[in-house]
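Please open the model in a viewer and keep the sequence panel at hand. The tour below proceeds by selection, with a short account of what each one shows.

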Amino acid sequence: MARGLRGNGRLVPPAWLTAGLRPAPAPVPWAAVVRASLALSLPLAVGLAVGEPTYGALVSMGALSGVIGDTADAYRMRVFNIAVPQLFGALGVTLGTLVFGQGWLAVVTLTLVALVSGMISSIGAVASASGLLLLLNAVVGAGLPMPEPWWKAPLLLTAGGLVVLVLTLLGWPLRRAAPERAAVAATYRTVAELYEAAGSEAYQEKRQAVTASLNQSYDLLLARRTRQHGRTSSLARLLAQLNVLIPLLEAAPAADLRVRLYGPLPPAVAATVRNLADAVETGRTERPEPDLPPSTRPAEKAVEHALRHAVSVVHESGPAPSPRPPAKGRPHADDWLGRPAKLTVRARRAARTMLLSEPSWRYGLRLALCVGLAQALVSLIAVPRSYWVALTVTFVMKPDFGSVFSRAVLRAVGTCLGLVSAALVLAEVPRGWWDVPVMAVLAALIPAFSAKGYAFQTAAITPVILLLSDALNQQGFDLVLPRLYDSLIGCAIALIAGYLLWPESWHSRIGDRLADAVADSAVYVDRAFGADADAGRLRARRKLYRDLSAVRSEFQRALTEPPPTGTRAAAWWPLTIAVERIVDATTAARIRVTHGAAPPDPAEVAEVARELRELSDGLRATDTLVAVRTELPGDEDSVLEPLRQEVRAARAIAGPELR
């Protein structure tokens, strides 16, 4: 059947073009909906009440940035996510205001701001939001007339961010640790679902969900840990409760293999983990004895041992206990996965990442080129309120939002949808006090639609920005069509100058990273069965899963791009899953040995590791999957036999049929 045709012969758009137009099945964040509605409508009402609607619009514009940036769960992280970018936004609007109407000086200034914005975006999530707001506000300041003197605009925009921050922190006294507890409890529930899926095709999908949930929980807790080391603090308890999941996760691959060979696990296993999740979320310390059947096989013993220790840790009412069951010759440890580095160390790493890494300069230069072209174009061609072109470029080129190609398409679609509602509002609703209830409704749609996807977020944000822009320049319905033209021009600039002119090789983007993961898997195999099998093994496995999660995210971006990138990503995708299964099989074998199975011969271990290194070298040497040797002989009764099967499968995937 021809590509792009349905069974009935009708022509349909390809999947890589329409993937982002399907709404994600996400729940409506009602608290964020109410907060956004109040944060954007109240400043407008106050501005109208005091006779300064322009001031109210600027405060609401600052609040809009805070609403978009409020994406964290823990309150401490939300403070950083909202407050820090607002400071960069104030600097950006100051620079933009100073070069307003200055022609080529504005072009040069915004180009340099774009370079800095792009480079600092490579540091982390907060830095990325800060870089985005720095550039956005600089573009707005250079494109719209701001009230005099120069300091009023940054002050009003920052006040809008503070409004969002105050509304966000109203619940902090009552729910200080609630987001962290909820995150840890959610991780427990994903582990319960993982055990329920053992032996089924859904196991890998559930394991990926556990990895994502565990990453989120550790990020929330470790972000606070640098200043709170007390063993009696609620933070230490939550971290111990999270760490105690590691033995359960180690036992899961062995349990998956056990189910495939001997039948399902007792329902009490998943039920006990769910009860632990409830205990974590509520802080309950009463310790029920888990009703588990006797264990006979190594995998069953591993699960029971880990589960009983988790029960003791979660229900412990004294100081935070050890996160791992004690073993012979091994002392208790507070954290088997490592503390975060000191602030000075992290600052040096961030500066080194920004100034010396190739991706940082590459993205900074791409963004600077696109913004410079956008500003130069509107300086040569009379485009009313031309700041929207550079604004579109900034949003499309944002690296955290996915593929540049798909974002450009989704931005154009979302803008068209948003302009329809904006046209109705600007044409039918009289300006003045009617702006307040209209803004309350439109602002509420932003967090609700943002959870559904980028195109939906754009459709929600567009009418809000147009309504605020109209409050600043009083153009009314005449704003609508120019904004559509500007958006299409901005998308075209991003596609040509930010995507087509910067072709990244498959290796620099995905191939080498996947090859690194395969090589790290070989190291993990050596370490799992070496003389000191426990030294650093947990950290190595966590690093592997994090790296594979990052590779998987890059694959998902690539899948939304047109051929050849999207086609190649689809061909290489099964290999990523195969590498994850290799890590699982290695862990399962190690757990079985720990709980009584015969250890493998060192020559077997060396042969498996050699095969993985050979596969890694092959991935680095080609852009196309090619046939490789899949023979990997060994004792069929060995504990490594399931691992050898996974390695054979991974090497077989690199076959000519996937070219």
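Which element gives the most to the lining of the largest cavity? Select α9, for this helix supplies five residues to that lining. The model is a predicted one, and a search of the whole structure finds five cavities of 30 Å³ or more. The largest has a volume of about 110 Å³.

Next, add α11 (245–262) and α22 (537–559) to α9 (203–225); these are the elements that give two or more residues each to the lining of the largest cavity. To centre the view, pick Arg-207, Val-210, Leu-249, Arg-541 and Tyr-545, which lie nearest the centre of this cavity among its 13 lining residues. Colouring the lining by class shows eight nonpolar, one polar and four charged residues.

Now move to helix α24, residues 602–620. Its end C-alpha atoms are 27 Å apart, which agrees with the 27 Å that 19 residues should span at 1.5 Å a residue. Within α24, select the buried residues: Glu-604, Val-605, Val-608, Ala-609, Glu-611, Leu-612, Leu-615, Ser-616 and Leu-619. A view down the axis places these residues on the same side of α24, because they cover an arc of only 150 degrees around it. Pro-602 and Ala-603, on the other side of α24, are exposed.

Finally, display the side chain of Asp-601. This residue caps the N-terminal end of α24, with a side-chain oxygen 2.7 Å from the backbone nitrogen of Ala-603.

Methods: Residues numbered from 1 in each chain as written. Predicted model: local features only at pLDDT ≥ 70, side-chain atom pairs only at ≥ 80, totals over all residues. Heavy atoms only, no water. 1 Å grid on protein atoms, 1.4 Å probe; cavity = no way out; pocket = protein on both sides within 12 Å on 5 of 7 lines; lining within 4 Å. Points joined across faces, edges and corners; volume = space filled by probe spheres on them. Helix = DSSP H or I, 4+ residues; strand = E, 2+ residues; numbered from the N terminus. Nonpolar A, V, L, I, M, F, W, Y, C, P; charged D, E, K, R; others polar. Expected span 1.5 Å × (residues − 1). Buried < 20%, exposed > 50% of the residue type's maximum accessible area, 1.4 Å probe, protein only. Arc of directions from axis to C-beta. Polar contact = N/O pair within 3.5 Å; in protein donor to acceptor, adjacent residues only side chain to side chain.
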